[in-house]
Amino acid sequence: MSNHQKRLSVPDSWPVERKTATFTVKAGAGPHGEDGVPLLIVLRDVLGYADNRKEARYALNEDNVLINGKAISDEERPVGMFDILAFTEREEYYRVFPGEGGRLALTAIDPDAAQSKLGKIVTKTHVSGGDVQLGLHDGETLIVEDGQTYDAGDSIVVGNEDGDVVAHFEYEEGALVTAVDGAHAGEVGEIEEIQVTPGSAQNNVIVSQDDGEGFETVEEYVVVIDENFTGDDE
């Protein structure tokens, strides 16, 4: 497997210029699958906190860069949707959020908001002992007690320190959502209608917006949020 990544073939979510050079850094193994953006790109190309890989490695070795509450030393660690980035020395905190065209963007948040992250439930499985395992959009899994009303499509907010669920947003008509992929990536609105499609095809979701425009997308592309996830919390 190649250790190189051509800029022209990076996922649409990567916030990099495609024609400035032939190659860019390749994401390491980790969460978010192929859409995960290497931390080096965030530090160098998005924030401008490092000019090159060497400077990024030096900064990371100081343990001042946290992702979801954990110090990160690997500049290739994938960063993805709804991750929380904390730069403790600078006292800066960001949430990764879908930008225009589906490119990942950073939304400034306050220190309290940086103590937890949002995850979309994509799987729900009963495990031995009577508990339930939830699989989140970034590959993380979480064990909860059976009987709690979590369903695939819902979103939860998980504390970085203890892994406890601190908020739960149900996937239902009237819920506030953002599109994270497709033609309407980055747009926010309320679910007006969930159109159940027979068979194995994706359900359609009709989303209304304050400006009256609205949009339609597939169920896979929407994530339930609340108003605190759409802008600067400070």
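A residue is classed as buried when its relative accessible area is under 20%. In this predicted model, F87 meets that criterion, because its relative accessibility is 4%. Y94 also counts as buried, with a relative accessibility of 14%. Y49, by contrast, is partly exposed, its relative accessible area being 24%.

A pair of aromatic rings is described by the distance of the centres and the angle of the planes. Rings are taken to pair if their centres lie within 6.5 Å, and an angle over 60 degrees between the planes counts as edge-to-face. By this rule, three aromatic pairs are counted in the model. In one of them, the ring centres of Y49 and F87 are 5.3 Å apart and the planes stand at 90 degrees, so the arrangement is edge-to-face. This contact joins distant parts of the chain, the two residues being 38 residues apart. Y49 is located in the loop between α1 (39–46) and α2 (53–60), whereas F87 belongs to strand β7 (residues 84–87).

F87 also forms an aromatic pair with Y94. Here the distance is 6.2 Å centre to centre, the angle between the planes is 75 degrees, and the geometry is again edge-to-face. Y49, F87 and Y94 thus belong to one aromatic cluster. In addition to its aromatic partner F87, Y49 is accompanied by a charged side chain: R90 lies over the face of the Y49 ring, at 3.7 Å from the ring centre.

Note on methods: Residues numbered from 1 in each chain as written. Predicted model: local features only at pLDDT ≥ 70, side-chain atom pairs only at ≥ 80, totals over all residues. Heavy atoms only, no water. Phe/Tyr/Trp six-rings, centres within 6.5 Å; stacked < 30°, edge-to-face > 60°. Helix = DSSP H or I, 4+ residues; strand = E, 2+ residues; numbered from the N terminus. Buried < 20%, exposed > 50% of the residue type's maximum accessible area, 1.4 Å probe, protein only. Lys NZ or Arg CZ within 6 Å of the ring centre and 35° of its normal.
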